[in-house]
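Colleague: Could you take me through one part of this model in detail, the place where two helices pack against each other? If there is room afterwards, add a word on the ligands and any odd backbone spots.

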Amino acid sequence: MAKAKCHKCEEKCGKGRADPELILKLDRAYRELLKSDSKSLMRKYLTQEIFNKLKTKKTSFGNTLMDCIQSGLINLDSGIGIYAADQECYSLFADLFDPIIEEYHGGFRKSDVHPPSDFGDISTLGNLDPKGELVVSTRIRCCRSVEGYPFNPGLSEEQYMDLESDIVSALSDLPGELKGQYIALRDMTPMQQQQLIDDHFLFKEGDRFLEAANSNRYWPMGRGIYLNENKTFLVWVNEEDHIRIISMQKGGDIGEVYARWVTAVTTLEKKLKYIRSDRFGYLTFCPTNLGTTIRASVHIKVPKLARDMNKLNDLAGRYNLQVRGTSGEHSEAQDGIYDISNKRRLGLTEIEVVREMYNGILEMIKLEKSST
Ligand code: ADP
Ligand code: CIR
């Protein structure tokens, strides 16, 4: 059988074995990982048996187990510790991805299939905090990978630029409230960039988890942000995923935020073709984002519940919610403001994901108000 051309080495190496030197390197790294106190899901599920089975494999893009786990090997404090270096990794390294996906997404088993998109009845979502007492702001984001381009670690500098220009041209004639402007990261002043980060609009720079996963190459080329005039609709270009589509605003009106997000997503999908799998829905670089890829969050003040962070995390977990710091993942809370969002994104429809977050946040608000 003819061997497929490897996207990485440009030779016909096919899905053959990883080269012997790399396997030795993996062996050494794995021994170190076993000695470490890493609590990542990658460490938990990468048993010796699975390691031996996977360490020689290589995708047709030329990626190996090392390309998937290097972030978790370098960053021992990773929560997950694995990325799909390309879309084939989810099947070739399924023995490792599957249990991680099952645990993260609340029991999405090997035999489960992600449901088709359903945006549901938008009018059933109201304001989480009509009096504006606790919720500072509300945000919904999703991720998309564009057909015809490899995931982040496989993109050449030219592909970053081509992908950026494909996305920007799809954004160029968005109607009404979504109308806005694209600012390339390479054209921003450091002050402008910092202001956008401080205002929670722009991604941060130099994420060490992405860096170790080989995903910050050629930075800032091909990266940027699209913003509408009101700064309530944003698109991130070529950060962790090719695209992040974001709707956000001050206060707790998740109905408005969701309606805007649905309009944006359904308008853009007419212009761009995305990478989707029958089993996992939309494919993303990080397995935590598969499926709907939705993270619906509030920035919220819950001073009583937050007196004991273990309790706050446990409580959030009961409603399938996740607590982050004010500046996003791996950050601390500032001024008592927490980012609380849905944890599961896979195995549920869009409306089910948002409703899970909506119901959970309403419960947490009730508990905060009734605590002494
Ligand atoms: P993502 O949400 O894309 O997974 P992060 O957790 O890093 O990535 O968050 C990205 C940015 O979005 C951060 O600046 C964070 O503070 C901001 N953010 C998240 N949720 C909200 C919210 N409800 N209101 C305002 N900003 C938010
Ligand atoms: C970790 O394992 O902690 C990081 N690699 C982040 C994992 C989940 N976050 C994400 O997808 N943004």
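Modeller: Sure, let's start with α10 and α12, which are roughly antiparallel to each other, a label used for angles over 145 degrees. This is a predicted model, in which local features need pLDDT of at least 70 and side-chain atom pairs count only at pLDDT 80 or more, while totals for chains, interfaces and linings use all residues. Residues are numbered from 1 along each chain as its sequence is written, chains are lettered from A and ligands numbered from 1 in the order in which they are written, and side-chain values use heavy atoms, leaving out hydrogens and water.

Helix α10 covers residues 254–268 and α12 covers 350–370; helices here are DSSP runs of H or I with at least four residues, strands are E runs of at least two, and both are numbered from the N terminus. Their packing angle is about 160°, with the axes 12 Å apart. The axes are lines fitted to C-alpha atoms over the stretch in contact, and angles run from 0 to 180 degrees between N-to-C directions. The crossing is right-handed, that is, the near helix is turned clockwise from the far one by less than a right angle.

As for who touches whom, α10 brings I254, Y258 and W261, and α12 answers with E350, I351, V354, M357 and Y358 (contact means heavy atoms within 4.5 Å). By class, that contact has seven nonpolar residues, one charged and no polar; Ile, Val, Met, Trp and Tyr are among those counted as nonpolar, and Glu is among the charged.

Now the ligands. Ligand 1 is surrounded by 19 residues, the closest being S137, R139, S297, R324 and T326 (a heavy atom within 4 Å is what counts). A polar side-chain atom of R324 is 2.6 Å from an oxygen atom of ligand 1, and a side-chain N or O atom of R141 is 2.7 Å from an oxygen atom of that ligand. S297 puts a polar side-chain atom 2.7 Å from a ligand nitrogen. Around ligand 2 sit residues including Y83, F209, C286 and H330. There, backbone N or O atoms come into play: G79 has one 2.8 Å from a ligand oxygen, and a polar backbone atom of I80 is 2.8 Å from an oxygen of ligand 2.

Last, the backbone. The W219 to P220 peptide bond is cis, with omega near 5°, and P220 sits in the loop between α9 and β3. T293 is not a glycine, yet its phi is positive at about 65°; its loop joins β7 and β8.

How values were computed:
Parallel < 35°, antiparallel > 145°, perpendicular 65-115°, else oblique. Polar contact = N/O pair within 3.5 Å; in protein donor to acceptor, adjacent residues only side chain to side chain.
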